[in-house]
Amino acid sequence: MPPIKDPHPGESPRSLFAAELRRHREAARLTQRALAARMGFSESLVAMVETLRRPPTDDFARACDKALGLDGTMMRLYIAISWDKAAEHIRPWLEEEEDAEALRSWEPNLIPGLLQAEAYARALISTAPGITPEEVEDRLTSRMRRQSLLHRNMPPTITFLMDEAVIRRRIGSAEVMREQLKLLLEVAQRPNVTIQIVPYDTGEHCGLAGGFIIAERNGTAYAAYTDAQPNGRTIQNRQILAELSATYDTLRAEVLPFKQSLHLIQEAVNQSG
């Protein structure tokens with residue numbers, strides 16, 4: 001059996017998670033067995049996470065916080081592990097997004113990252129100049145991991161507004177696009193998700209300058225991410241958040257009703273065959 005490794009906090013985000021788990025457990029005067037019983041996990045799993053023989057999961061991190069009476073500490077450390085392979089410019093937003101009770105997304109050109117099918121996402125990521133196959137896979141893994149917030153027990157309420165151009169622009173092959181559009185229809189059946197389309201015949205509108213997504217808690221916007229070249233950015237400035245919220249509200253007046261939007265997506269599916 002290989003020697004048990006004592007985690008050093010400075011080595012990596014995963015080592016920091018292990019070291020902090022042990023520190024908080026010992027501060028609570030709990031054995032690994034006692035903590036495991038509180039969490040609903042096995043003692044061996046707690047031991048393996050503490051000694052870097054097994055990575056933590058989303059559920060494990062949440063159970064740690066609940067069992068130890070922590071205010072999201074272990075979950076924040078877990079997020080640092082999860083986004084270790086993500087592009088550096090988007091990591092601050094990914095951490096903000098995890099805490100959202102509601103998300104409001106606008107996209108004029110592409111399917112939002114939270115809704116992208118794997119093949120669609122790979123086709124997009126691969127277009128980055130100079131990107132290596134390894135970088136493509138790393139970014140793809142992070143993008144797919146991000147979508148786990150859609151599957152939580154208590155997921156955020158998410159409203160996706162998109163220009164009709166999004167569902168008409170072919171990304172990858174016709175089959176890739178058809179499967180992507182089918183995924184939109186599938187996700188739209190979730191009670192916490194709304195997808196609506198701004199139709200072509202709207203003409204010019206205030207959202208054409210670029211996409212963005214707003215994160216809210218207690219009905220108040222606290223962060224946003226805006227698309228830009230070469231990289232997007234995370235925003236916490238209150239004035240800019242207010243301006244983005246006003247833009248979003250204006251766009252809401254231009255969208256088709258929910259059922260009509262899904263009918264338009266289904267029409268695009270039929271035409272892609």
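**Exercise 1.** Is Glu-50 buried or exposed? Determine also which residue Glu-50 meets in a salt bridge.

*Solution.* The model under study is a predicted one.

Step 1. Glu-50 has a relative accessible area of 0%. Because buried means under 20% relative accessible area, Glu-50 is buried.

Step 2. The side chain of Glu-50 meets that of Arg-22 in a salt bridge, with an N to O distance of 3.6 Å.

Step 3. This pair links distant parts of the chain: Arg-22 belongs to helix H1 (residues 13-27) and Glu-50 to helix H3, 28 residues apart.

Step 4. The partner, Arg-22, has a relative accessible area of 22% and is therefore partly exposed.

**Exercise 2.** Describe the surroundings of Thr-51: where is its place in the chain, and which side chain does a polar contact join to it?

*Solution.*

Step 1. Thr-51 lies in the loop between helix H3 (43-50) and helix H4 (58-68).

Step 2. With a relative accessible area of 7%, Thr-51 is buried.

Step 3. Its side chain is joined to that of Arg-53 by a polar contact of 2.9 Å.

**Exercise 3.** State how many salt bridges the model contains, and examine the pairs Glu-164 with Arg-168 and Lys-182 with Glu-179.

*Solution.*

Step 1. The count of salt bridges comes to 16.

Step 2. In the pair formed by Glu-164 and Arg-168, the closest N and O atoms are 3.1 Å apart. Because these residues are four apart in helix H9 (residues 164-168), about one helical turn separates them.

Step 3. Glu-164 counts as buried, at 8% relative accessibility, whereas Arg-168 is partly exposed, with a relative accessible area of 26%.

Step 4. Lys-182 and Glu-179 also meet through their side chains in a salt bridge, at 3.7 Å from N to O. They are three residues apart in helix H10 (residues 174-187), so about one helical turn lies between them.

Step 5. Lys-182 is partly exposed, at 39% relative accessibility, and Glu-179 is partly exposed with a relative accessible area of 37%.

Step 6. Asp-58, Arg-62, Glu-98 and Arg-145 are joined into one network by salt bridges that share partners.

**Exercise 4.** Characterise the packing of helix H2 and helix H4: at what angle do they pack, and which residues meet?

*Solution.*

Step 1. Two packed helices are described by the angle between their axes and the distance between the axes.

Step 2. For helix H2 (residues 32-39) and H4, the angle is about 105° and the axes are 9 Å apart.

Step 3. Angles of 65 to 115 degrees count as roughly perpendicular, and H2 is therefore roughly perpendicular to H4.

Step 4. From H2, the residues Leu-35, Arg-38 and Met-39 take part; in H4 they meet Phe-60, Ala-63, Cys-64, Ala-67 and Leu-68.

**Exercise 5.** How many disulfides are counted, and are Cys-64 and Cys-206 buried or partly exposed?

*Solution.*

Step 1. The count of disulfides comes to zero.

Step 2. Cys-64, one of the H4 residues that meet H2, is buried, with a relative accessible area of 0%.

Step 3. Cys-206 has a relative accessible area of 41% and is partly exposed.

**Exercise 6.** Set out the contacts of Arg-104, beginning with its place in the chain.

*Solution.*

Step 1. Arg-104 is found in strand S1 (residues 102-107).

Step 2. Its relative accessible area is 13%, so Arg-104 is buried.

Step 3. A polar contact of 3.0 Å joins its side chain to that of Glu-216, and another, of 3.4 Å, joins it to the side chain of Ser-245.

Step 4. Leaving aside residues up to four places away in sequence, Arg-104 touches Thr-159, Phe-212, Ile-213, Ile-214, Glu-216, Ser-245, Tyr-248 and Asp-249.

**Exercise 7.** Give an account of the chain as a whole: what does its secondary structure come to, and what does its C-alpha trace span?

*Solution.*

Step 1. The secondary structure comprises twelve helices and six strands.

Step 2. Along its principal axes, the C-alpha trace spans about 65 × 40 × 35 Å.

Step 3. Of the 273 residues in the chain, 49% are buried.

Step 4. Among contacts with a separation of 6 or more, 68% are accounted for by residues 24 or more positions apart.

How values were computed
Residues numbered from 1 in each chain as written. Predicted model: local features only at pLDDT ≥ 70, side-chain atom pairs only at ≥ 80, totals over all residues. Heavy atoms only, no water. Helix = DSSP H or I, 4+ residues; strand = E, 2+ residues; numbered from the N terminus. Buried < 20%, exposed > 50% of the residue type's maximum accessible area, 1.4 Å probe, protein only. Polar contact = N/O pair within 3.5 Å; in protein donor to acceptor, adjacent residues only side chain to side chain. Salt bridge = Lys/Arg side-chain N within 4 Å of Asp/Glu carboxyl O. Disulfide = S-S within 2.5 Å. Axes fitted to C-alpha atoms, helices over the stretch in contact; angles between N-to-C directions. Parallel < 35°, antiparallel > 145°, perpendicular 65-115°, else oblique. Contact = heavy atoms within 4.5 Å.
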